[in-house]
Amino acid sequence: MQHKKSKRYYALEMFPYPSGSALHMGHFFNFAPADTHARFKKMCGYDVFHPMGFDAFGLPAENHALKTDTHPHDNTLVNMEKFRAQLDELGGMYDWDYTLTSCFPEYYKWTQWLFLELFNAGLAYQKESQVNWCNSCATVIANEQVVSGECERCSTSIIKKPMKQWFFKITEFAEELLEGLDRIDWPERTKSAQRNWIGKSEGAEVTFTGMEGPDITVFTTRIDTLGGATFIALAPEHPLIKDDPSPSVRKYIAKSLEKTELERQENKEKTGVKTDWLVVQNPMTGEQIPIFVADYVLMGYGTGAVMGVPAHDECDFEFAKKYNLEIRKVIKTDEDKDCITEDGILINSGKYDGLASAQAREKMTSDLGKSRITYRLRDWSVSRQRYWGAPIPIIHCDKCGAIPAEIPVILPYLKDFKPKGAPPLANDKEFLNATCPKCKGDAHRDVETLDTFVCSSWYFLRYPYANRDDVPFEKSVQPVDVYVGGAEHSVMHLLYARFVVKALYKMGHIGFDEPFKRMIHQGMILAPDGQKMAKSKGNTVSPDGYIKEFGSDVVRLYMLFGFNYVDGGPWSDGALRSTAKFIDRVKRVFDNKSDTKPSPEIEHIRATTIKAVREDLDSFSFNTAVARCMEFVNALMAEKQVPAEAVIDLIKLLAPMIPVTAEKLLPGVHDMPFPVANEKFLTKAEAEIVVQVNSKITDRITIPTNATQEQVEKLAGVTGAQKVIYIAGKLINFLVWPLPPIVGKSKEKSEGRPSEK
């Protein structure tokens, strides 16, 4: 596919899951406005590439198939045809010749290729770890898919479970993922969400010498509070206490591991249990301090051990109060004498007295610890114990270990794919049994499938090469210019896509390291009851009936005008008829056009409307773009003779918004250039202003817009004023005493005295 380098424009919306029976109004609110933007860019002279595909693997499609007693393969094909028909009815400008379907072997062959590239680069690995397990979905759930301790898909409470899993080493790119956020045009809330998820902390590692038992190393961002550390808290998963002989400690650990990390962090009451066989020494004070196991400490952050400084940390304070631990203040605050700032002077710390905190941190790190940067980000768990996904292309051999398989590894058509705890593919002996590619001995295939987010983490690279079977993409592939989708994917899909692109860039497969130059989040169209539209709730609103009754352009224009694109709102069909009436008015204006020359007033509103609509469509401010076109129509209808050239521009302005109507009125309109404002008409040649005498209106006069105050005073014809107040282009007020005869068109008389004030 060839693009003009200077005019190429890659417009893309997040591709839909064909898991249900049809698209609803919430989906249309993503696609219709985004398609309007793409059409606008095309008319502006860009070579627009606007593809569409289907994110067809994963839990939504499999769960729908289980619910309807169908096969996900068959069900998905039927749903895709319905989705495509609906998108065509909406008037979508999609390059269907480049369609992708993630469950077809010609696509997931390359998803498996991506896995193997990461595997060969050491970025895909297998290990046993505590994972998030959903009993309802019978599969592992990634950290990002756990919402308030529940499965994002089915709202079942998540439990922790040890299991061998495949991971992608996203943590290796933590710093690049942070740095890249400063170079992309994305909503700040999305960038902030990713920064928080990555969770960079700069600090120091400090070792507390073991008095009884081993040493313990902690990570702290405030080493200058070391003198105030009166206890150590270990995560329940910490290896030092896994064999603790105390029954109370073992019971506490088991109970803690039943909770998700989010639940542990959100617990209002901080709990813990003291270990009797671990005691360490504070390296600054030399004092012995106790060791606790506390579930608010996470193994994945820092070293899984924190020093408790209750005087200067809220969580530590609550913990210390509960267990009657010493609270020792070591940093002066505003309440302390002779202190100016909260980040003030270190006290009670011997040779570090008198140092500002920043100086103290630097010196103490040098003396007592070592600098370290940590991240909250965890590696991405990508293997799932379900059927409907891309098979992991690995063969396991007892002699040779994990060996890359020849791709594509085809997903078999299983009749029984119901989750039973073990992966369904394990029951298919023909699939399971394999020959080791290395030693030619007996081996078995990996029976887990890839998280569907792996499929969507790179699909935008594949679109331009959808018809190529020799390569997944070429190095010359370009990033997406504008990407449209829901803010609910701020941390999952978008973070994963950025990681994959950075990994491919590092391996030399592509020439850029950020996938989406610009990100737009559409708001959510809620159900009429104000809740999120969901098939499970039975509150979805189908566009099909409305399109049949009013036509696609009416539905499309109503969605553009009736909602702010970034806010959305509850669905209501009350204004669909008035939207239809507006389109009828556009048709009447078009039918009544004549060869008359536009008046100065029409030229002005025409120019200002063109300028504003161009800006609005480029910034996804569709509701204001429609409003400006409505004002333009009103102005044209007020004319005795409607100038054809102004009407033609009106149809061009509306073409991206009501493509079917515009094409019928003006065939070939979408290949015509989008109007450009004539700058000389952006400012009116003349303006009407108010004339006041002693702050009372006496007249209205027409003046040149570039007239000086002196010229306006002469045109107003009021004499004898002691003072004149002029607001350019709006009014002129003469303060006069005594009152002179009023010269002007109006014969109204003003009475009274001007205020002596």
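A search of the whole predicted model identifies 36 salt bridges. One of these joins the side chains of K506 and E172, with a nitrogen-to-oxygen separation of 3.5 Å. The two partners belong to distant parts of the chain, 334 residues apart, K506 being placed in helix α14 (residues 493-506) and E172 in the loop between β7 and α5. K506 is exposed, with a relative accessible area of 55%, whereas E172 is partly exposed at 38%.

A salt bridge is also formed between K517 and D481, whose closest N and O atoms are 3.3 Å apart. Here strand β23 (residues 516-520), which contains K517, is linked to strand β22 (residues 480-484), which contains D481, across 36 residues of sequence. The lysine, K517, is partly exposed at 44% relative accessibility, while D481, at 12%, is buried.

The side chains of E603 and R606 likewise meet in a salt bridge, at 3.2 Å from N to O. Both residues lie in helix α18 (residues 600-618), and because they are 3 residues apart there, about one helical turn separates them. E603 is buried, with a relative accessibility of 10%, and R606, at 13%, is buried as well. Beyond such individual pairs, E179, R183, R498, K502, D513 and E514 are joined into one network by salt bridges that share partners.

Aromatic contacts were examined in the same model, and the count comes to 47 aromatic pairs. In the pair of Y125 and F167, the ring centres are 5.7 Å apart and the planes meet at 20°, so the arrangement is classed as stacked. Since Y125 belongs to strand β3 (residues 124-134) and F167 to strand β7 (residues 159-168), this pair ties together parts that are 42 residues apart in sequence. F167 is buried, its relative accessible area being 7%, and K127 lies over the face of the F167 ring, at 5.2 Å from the ring centre.

An edge-to-face geometry is found for F292 and F319, with 5.3 Å from centre to centre and 90° between the planes. This pair links strand β12 (residues 288-294), which holds F292, to helix α9 (residues 314-322), which holds F319, the two residues being 27 apart. Both rings belong to buried residues, F292 having a relative accessibility of 4% and F319 one of 0%.

Ring pairs further link F115, F119, W166, F168, F173, W380, F453, Y496 and F499 into a cluster. A charge placed over a ring is found for K7, whose charged end sits over the ring of Y46, 5.2 Å from its centre.

Technical notes
Residues numbered from 1 in each chain as written. Predicted model: local features only at pLDDT ≥ 70, side-chain atom pairs only at ≥ 80, totals over all residues. Heavy atoms only, no water. Phe/Tyr/Trp six-rings, centres within 6.5 Å; stacked < 30°, edge-to-face > 60°. Helix = DSSP H or I, 4+ residues; strand = E, 2+ residues; numbered from the N terminus. Buried < 20%, exposed > 50% of the residue type's maximum accessible area, 1.4 Å probe, protein only. Lys NZ or Arg CZ within 6 Å of the ring centre and 35° of its normal. Salt bridge = Lys/Arg side-chain N within 4 Å of Asp/Glu carboxyl O.
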